[in-house]
Amino acid sequence: MQIQGYNFHISASRLEETLGGYLLTGKTVQIGHPFGRTMFFKQGWQSWSEAAWVSLKENPKPILPPERRPQCDDPAYALSPVHGGSGLGGIEGYDGRMLFLGALRPGARIEADRLSLKGLADHEMQWFLAYGETGEVLARYAELLATTLGVRAQQPAPRVWCSWYSYYSDISEGQMLQTIAGLQGLPFEVFQVDDGWQQNMGDWEPNHKFPSGMAAIALRAQSQGLTPGLWLAPFIARPSSNLFKEHPDWFLRDEKGDLVPAGINWGGFYALDVTLPAVQNWLRSLIQKVRGWGYRYLKLDFLYAAALPGHRHAGEAREDAYREALRIVREAAGDDVYILACGAPIIASLGLVDGLRIGPDVAPYWDNEDRRVFLHDPTGPSAYNALRTSLHRLWLKPLVHTDPDVAYFRTRYNLLGPAQRAVLQDLALVAGFKATSDPPEWLDGEEREQLKAWLEATPPIAQTGPYTFRIGEREVDFARWLEL
Ligand code: 9PG
């Protein structure tokens with residue numbers, strides 16, 4: 001079949017024309033192409049997974065060590081010899097435009113090689129096929145996804161202070177109250193407590209460092225006009241948690257009955273089988289509990305765990321099981337609670353969450369070459385990894401608030417230079433999500449003024465090329481930062 005002057009060989013059970021391309025139907029579809037070993041537009045599975053243009057000339061290299069794979073990308077394909085991505089993907093044609101294939105529902109894998117672009121789904125699927133300018137085909141795909149998965153009402157994203165990228169898990173009640181007080185005069189809208197408040201992963205009660213309980217923090221934030229925010233990882237637990245000890249049967253296992261590892265930090269952790277009615281009830285009461293404490297912004301993390309391969313009570317397709325669990329969480333939280341999904345399968349989260357982390361963690365350093373190059377892992381914390389993946393996920397902007405992670409204004413405990421700090425600040429502006437973890441007392445007068453001006457600024461943003469933007473009067477080119 002001829003599309004835009006090129007000959008493609010299309011296998012699908014149905015094909016019809018739509019605005020800007022074609023709708024294909026079939027559990028698997030395949031498009032034979034003439035472009036050879038060109039560039040592949042890869043979209044990794046969840047927030048932290050790689051999104052970038054990668055070359056089909058080199059074989060994919062499995063991430064090391066193997067135990068880290070479940071938390072980096074879809075582990076079902078960790079050893080795949082073929083380049084692939086989740087939900088959507090494309091390859092570059094001879095004229096620089098893109099042959100694009102995207103699934104209209106969760107549960108799809110895309111694979112690309114020198115001869116074909118393939119869509120593989122875990123059930124009957126509808127696909128959007130197009131050949132055109134990258135920006136245009138992605139915009140049309142986003143429009144179609146909006147009709148199948150929905151879009152939550154979009155006001156601008158809130159401006160967030162988050163405790164992670166300064167104190168990490170070393171937080172306490174006194175310190176959080178001090179930070180809230182220090183934020184006076186800075187136009188933040190959310191004060192978000194990150195990892196470190198809970199007794200254990202799975203035991204979502206305050207630990208000894210929060211003796212007055214979590215409601216006390218929420219109340220103080222609220223009295224200062226800030227929406228209280230809290231970090232939770234509701235779909236995972238450590239084996240040392242009471243949750244795990246009391247309900248080992250609630251956790252995801254493989255066909256043999258062995259627990260499915262969900263990741264390696266904190267000495268390893270496991271995923272809940274979110275299709276179990278008892279687990280769903282537990283989830284409802286957890287979310288209602290933190291809502292009862294006063295929290296109206298929830299950063300829900302490590303969400304991919306609920307969609308890992310495994311044997312589930314309800315036997316549903318894993319991304320459908322995930323989406324159903326997220327729907328339960330949304331219902332329990334209420335419509336007025338802002339949900340930021342993190343470590344979250346991208347496509348399967350759309351329409352249910354307000355914000356979505358679109359890249360790996362930033363860090364107060366540019367690159368971690370050991371992990372990125374020698375362990376083939378582009379998902380580790382670094383400014384470079386966060387920038388690169390986030391830039392390739394901005395097509396999601398019409399569908400959800402896209403969170404590229406925090407920007408830095410501090411020089412204290414920071415190896416990023418002024419231009420590197422500026423590029424993360426600009427990334428936040430083009431993504432439309434402003435957050436920082438800089439404690440006000442770590443900032444000197446000038447840094448505080450810069451932070452304030454950035455929070456207040458609402459410059460017009462226009463994309464002028466794949467990596468170029470006009471921010472107010474400035475031309476910003478991110479491309480040079482992607483070359484290392
Ligand atoms: C809290 C953090 C922050 C952060 C999240 C998430 O692969 N890992 O070991 C890994 C650890 C932490 C992590 C991501 C990956 O960060 O993105 O913003 O909330 O959890 O623990």
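Strand β4 (residues 14–18) pairs with β5 in the antiparallel sense, over five bridges. This pairing belongs to a predicted model. Within it, Arg14 has Thr25 of β5 as its bridge partner. The hairpin formed by β4 and β5 has two residues between the strands, and Gly20 takes a positive phi near 80° there. Strand β5 is also joined to strand β14 (residues 126–132), by four bridges, and these two strands run antiparallel. In that pairing, Tyr22 stands opposite Leu129 in β14. Because five of the five residues of β5 (residues 21–25) are buried, this strand is largely enclosed by the rest of the structure.

The ligand site may be considered next. Around the ligand there are 15 residues, of which Gln71, Tyr165, Asp195, Lys299 and Asp361 come nearest. By character, the shell divides into seven nonpolar, two polar and six charged residues. Several charged side chains approach oxygen atoms of the ligand. An N or O atom in the side chain of Asp361 is 2.5 Å from a ligand oxygen, an N or O atom in the side chain of Lys299 is 2.7 Å from a ligand oxygen, and a polar side-chain atom of Asp301 lies 2.8 Å from one. The protein covers 88% of the 440 Å² of accessible area that the ligand has on its own.

Charged residues also pair with one another. Side chains of opposite charge can pair when their charged atoms come close. The structure holds 25 salt bridges. One of them joins Arg140 to Glu143, with the closest N and O atoms 2.8 Å apart. These two residues are three residues apart in helix α1 (residues 134–149) and are therefore separated by about one helical turn. Arg140 counts as buried, at 14% relative accessibility, whereas Glu143, at 46%, counts as partly exposed.

A salt bridge within helix α12 (residues 445–456) links Glu456 and Lys452, which are four residues apart and so separated by about one helical turn. Their closest N and O atoms are 3.5 Å apart. Glu456 is partly exposed, with a relative accessible area of 44%, and Lys452 is likewise partly exposed, at 26%.

The side chains of Asp336 and Arg296 also meet in a salt bridge, at 3.9 Å from N to O. This pair links distant parts of the chain, 40 residues apart: Asp336 lies in the loop between α7 (318–333) and β24 (338–341), and Arg296 in the loop between α6 (277–292) and β23 (297–300). Finally, Arg152, Arg330, Asp335 and Asp354 are linked in a network of salt bridges.

Key:
Residues are numbered from 1 along each chain as its sequence is written. This is a predicted model: local features need pLDDT of at least 70, side-chain atom pairs count only at pLDDT 80 or more; totals for chains, interfaces and linings use all residues. Side-chain values use heavy atoms; hydrogens and water are left out. A residue is near a molecule or strand if one of its heavy atoms lies within 4 Å of it. A polar contact is a pair of N or O atoms within 3.5 Å; within protein, one must be able to donate a hydrogen and the other to accept it, and residues adjacent in sequence count only if both atoms are side-chain atoms. Accessible areas come from the Shrake-Rupley method with a 1.4 Å probe; for residues, only the protein chains shown count as cover. Ala, Val, Leu, Ile, Met, Phe, Trp, Tyr, Cys and Pro count as nonpolar, Asp, Glu, Lys and Arg as charged, and the others, Gly among them, as polar. Buried means under 20% relative accessible area, exposed over 50%, partly exposed in between (1.4 Å probe, protein chains only). Two strands pair if DSSP finds at least two bridges between them.
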